[in-house]
Number of protein chains: 2
Amino acid sequence: MAGLRGSSQRFGYQVLVNGFYQRLATSWEIRQSLLCVGLDPDPDKLPSRIIGHRFPLLEFNRQIIDATGDYACAFKLQIAYYSAVGAERQLEQTIAYARDAFPDMPVILDAKRGDIGSTARMYAREAFERYGADAVTVNPYMGFDTVTPFTDYGDRGVILICRTSNPGSGDLQELKSGDCPVYQHIARRAVRDWNGNRNLALVVGALYPDALSRVRGIVGDMPLLVPGIGAQGGDLDAVLECGLDSRGVGLMINVSRDILYAGTQDDFARSASLKAESYRDRINAARAQTSLTSVS
Amino acid sequence: MAGLRGSSQRFGYQVLVNGFYQRLATSWEIRQSLLCVGLDPDPDKLPSRIIGHRFPLLEFNRQIIDATGDYACAFKLQIAYYSAVGAERQLEQTIAYARDAFPDMPVILDAKRGDIGSTARMYAREAFERYGADAVTVNPYMGFDTVTPFTDYGDRGVILICRTSNPGSGDLQELKSGDCPVYQHIARRAVRDWNGNRNLALVVGALYPDALSRVRGIVGDMPLLVPGIGAQGGDLDAVLECGLDSRGVGLMINVSRDILYAGTQDDFARSASLKAESYRDRINAARAQTSLTSVS
């Protein structure tokens, strides 16, 4: 990835040894993929022969990890799918399995935690020590002191909710304050004031490319986690046009359901593999197109 | 509690049979207390003979519940203190114990969840089905459609983060949009648009009585969960003056650390009991003073 060091210095990021930015950049490079595979196994949607397994979520995840890891830059695990059914142990074991299978793959715990300092320290302990995640999603509504217990783990990543694209996402995120909406205040504070440990990233949904473009304009090469492609219907070309950073990377484009449930029964792993490969290739084709467009 | 039905009808609340509002109002009435006891056992602060117990968090909680329940209107369990150390089973058992010991006591799961619909449904299942909580705290930053999977459980309460009083709470909550700051938009939407199932409440911290007063002015008799008394230093008199509803109730004033760690070793339960009784009495003395002041 020629120019990575130059770009990262230009935008003021110190690439920590074994830090989240570095691990993510390495993963983008060696797998040539911006696809993040979401391991959110809905108990009601698992193939019937998996449901009969003693540890169905773990078994399903193992097969999905094996099938998709070659096409992904990261795995993201939505903790609610485990905590709803008391499957924390299967979450731990899934992460351990992913570590064995793809040792250099960043693992993101999607937990959207957010609370006062003493409680946030417990949540950080949950994400980084108990589960050993490389990064965790955090809701910044309660303010920066609720974020620092996470960013204090300097070798881990902290991905703040900024602009999502669910139906009610504008209720608070789009409230205009001063010269811009609330979500842009988060992007500004993240890049200017809150990123002392150089381990922040932001969540920006795929359905509003204009918001993605504005956030990218504010944060330089800070990584962005982009949900909303696939089952939620975001436009991949628009995401790449608006979201790529100066190096032609910078995105973790998450797809969960559309990969996990690409097949229905015995073929689910094979179908997931083909779907993940297809997403990687579509993303890379659109990247190539975007870079051609920006050159011309 | 004379006039309760009249007041609740006046403010448009339908008191559901066995609904959260009703259970809370009953608890305020029969125990004559607005104190919420926070069961947030920090593993580093437990008495040494508890640490040696096989299930230390459960054992500590059982003794605290027995010692303080007569003086409380609710118990609140901060889930991070359990999930950080893999103690979900002790959390389940604590709630079951509280149900046995005080069957009519509302139990609040303080989880501050918030995510898109399909994930929020999993979090609601976690809070209401797995843990059987009467109410759960929710972060509304992602918008109303992320709240409805919780409010759809019409017999449970949903307590939205509105205005907290941690050091960085103003970073986003106080951003002014139109004629008021973001947190007041939440209060307005909560009372006008989001409370179709009549089961919302709000979190408003104790350190900014002015914010408490403004929220109370917006939401009528909607219940407010008020952290920040005790270890965090909020002014109890100001909280009551600004936060009581038209019926002289309406508050769940949470105290955690100041009660849990009132004693240090073998006397911890007795010390917690005395401290909880003292808080209840101080709150009721201030309530009496407030009602005298408002009459004169």
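Which residues does A:Leu202 touch, leaving aside those up to four places away in sequence? In this predicted model, the list runs to A:Ile159, A:Leu160, A:Cys162, A:Ala187, A:Ala190, A:Val215, A:Val219, A:Met222 and A:Leu224. A:Leu202 also turns up in the largest nonpolar core, which counts 207 residues. Touching the most other members of that core are A:Leu35, A:Leu160 and A:Leu202, together with B:Leu35, B:Leu160 and B:Leu202. A:Leu160 thus shows up twice here, as a contact of A:Leu202 and as one of those core residues.

Next comes the barrel. In chain A, eight strands close up in the order β1-β2-β3-β4-β5-β8-β9-β10, paired in parallel. On average, neighbouring strands of this sheet are turned by 30° against each other, if direction is ignored. Strands of a sheet pair through backbone hydrogen bonds, and the pairing can be parallel or antiparallel. For a look at one pair, take β1 (residues 35-38) and β2 (residues 74-78) of chain A: they run parallel and are joined by three bridges. A:Cys36 has A:Ala74 in β2(A) as its bridge partner.

As for how the two chains meet, 41 residues of chain B are in contact with 41 residues of chain A. On the chain B side, the elements that chip in two or more residues are α5 (80-83), α7 (117-130), α9 (170-173), β6 (176-177) and α10 (182-192). The largest share comes from α7(B), with seven residues. By type, this side of chain B is a mixed bag: 15 nonpolar, 16 polar and 10 charged residues.

Key: Residues are numbered from 1 along each chain as its sequence is written. Chains are lettered from A and ligands numbered from 1 in the order in which they are written. This is a predicted model: local features need pLDDT of at least 70, side-chain atom pairs count only at pLDDT 80 or more; totals for chains, interfaces and linings use all residues. A nonpolar core is a set of buried Ala, Val, Leu, Ile, Met, Phe, Trp, Tyr and Cys residues joined through C-beta atoms within 7 Å. A residue is buried if 20 or more other C-beta atoms lie within 10 Å of its own, exposed if 12 or fewer, and partly exposed in between; C-beta atoms are placed from the backbone. Two residues are in contact if their C-beta atoms, placed from the backbone, lie within 7 Å. Helices (H or I, at least four residues) and strands (E, at least two) are DSSP runs, numbered from the N terminus. Ala, Val, Leu, Ile, Met, Phe, Trp, Tyr, Cys and Pro count as nonpolar, Asp, Glu, Lys and Arg as charged, and the others, Gly among them, as polar. Two strands pair if DSSP finds at least two bridges between them. Axes are lines fitted to C-alpha atoms, for helices over the stretch in contact, and angles run from 0 to 180 degrees between N-to-C directions.
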